[in-house]
Amino acid sequence: MPILYAQDEKTERSEVDRAIKDDYKMFNAGGHLKNMHIWHGFVVHQGAMFATNLEFNTRNKKFTFGVWGGGSFTSNDVYNPEADAYISAAYKEFSIYTVYRFSDTFFIEAVTHNNYTGVEERGDTLAYWSYDKRQGYNFVDINFGYKIHPSTLLYFATIIGGGSGDFEVQEDGSLQDSYTHYFEVKSSVWEHKGYKLSLFAGGAWSFITNKTFYTEGQGNLINVGMALNRDINIGQYKMPVEVTAMWNPEKEITVLSLDLTLF
């Protein structure tokens, strides 16, 4: 083989090898099918729903900016005072998040949660970008995550500015923000033949007000349970599955949720 052709072939192989090794995706998307939507000890929606996200990632994988949304197959009834009737409202959410990873073990995250389920059905005007405290469906939290061990994550979240009802009404009618804090420990405790079992416990509190976004008092344990992960093989396709048993001792809520990662 001529030297020139040999060099060209070697260059082509190197480019192919680099392309195979380079798994960087500037944009990514995901989709989940759930029998319910739970979050920090809450049952956000008790029926089947579909959740999806769209995000941008930097090449060094340190920074992510994305949007997350959900829509339900079932509805809940909300009260409309003008109609003096209950009206069906499907779960609807469009939230924005950004993450910066300082290292493989430490990250910071900011999320603006926009759950506008039932806003129009209850007779309110939908203002997606409004953070008026009394509207009760937009709020922002700042979160930190730190892995103290490859299998154990510490997660600390703070709701900022009293959004979505996270405040107390004072005697003079003014609103006092609570700045709710939430802390969770999650640890993988067992792995075997593709199965992975994790235990978690989370609590909420406020140093300022007598209630929090999550609790009726200044603080309580609100999110205890376990999650089992495994992949289901469908031909050449592997579908990650998570089953979570969650208990909120304050609200006396116990649920079993199923989360299928479609892509």
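Patches are made of residues with over 30% relative accessible area and no salt bridge, where like charges are joined within 9 Å and nonpolar side chains (Val, Leu, Ile, Met, Phe, Trp, Tyr) within 5 Å. Strands (E, at least two residues) and helices (H or I, at least four) are DSSP runs, numbered from the N terminus.

The model is predicted, with local features needing pLDDT of at least 70, side-chain atom pairs counting only at pLDDT 80 or more, and totals for chains, interfaces and linings using all residues. Residues are numbered from 1 along each chain as its sequence is written, and side-chain values use heavy atoms, with hydrogens and water left out.

**Exercise 1.** Find which strands each supply at least two residues of the nonpolar patch.

*Solution.* Begin with the members, which are V189, W190, L199, M226, L228, V243, L256 and L258, together offering about 660 Å² of accessible area (Shrake-Rupley method, 1.4 Å probe, with only the protein chains shown counting as cover for residues). Next, place them on the strands: β12 (181-192), β14 (219-234) and β16 (253-261) each contribute at least two. Finally, turn to L199, which is found in strand β13 (residues 195-205) and is partly exposed at a relative accessible area of 39% (buried means under 20%, exposed over 50%, partly exposed in between).

**Exercise 2.** Describe how the rings of F106 and F144 are arranged, and which strands hold them.

*Solution.* The structure holds 19 aromatic pairs (rings of Phe, Tyr and Trp, the last by its six-membered ring, with centres within 6.5 Å; planes under 30 degrees apart count as stacked, over 60 as edge-to-face and the rest as tilted). In one of them, F106 and F144 are stacked, at 6.3 Å centre to centre and with 10 degrees between the planes. Since F106 lies in strand β7 (residues 106-114) and F144 in strand β8 (residues 138-149), the pair ties together parts that are 38 residues apart in sequence. As for accessibility, F106 is partly exposed at 29%, and F144 is partly exposed at 34%.

**Exercise 3.** Locate the two partners of the salt bridge between K61 and D23, and state how accessible each is.

*Solution.* There are five salt bridges in the structure (a side-chain nitrogen of Lys or Arg within 4 Å of a carboxyl oxygen of Asp or Glu), and one of them joins K61 to D23 at 3.7 Å, N to O. K61 lies in the loop between β4 (49-57) and β5 (63-80), while D23 lies in the loop between α1 (3-21) and β1 (27-34). The last step is accessibility: K61 is partly exposed at 48%, whereas D23 is exposed at 53%.

Terms used:
Buried means under 20% relative accessible area, exposed over 50%, partly exposed in between (1.4 Å probe, protein chains only).
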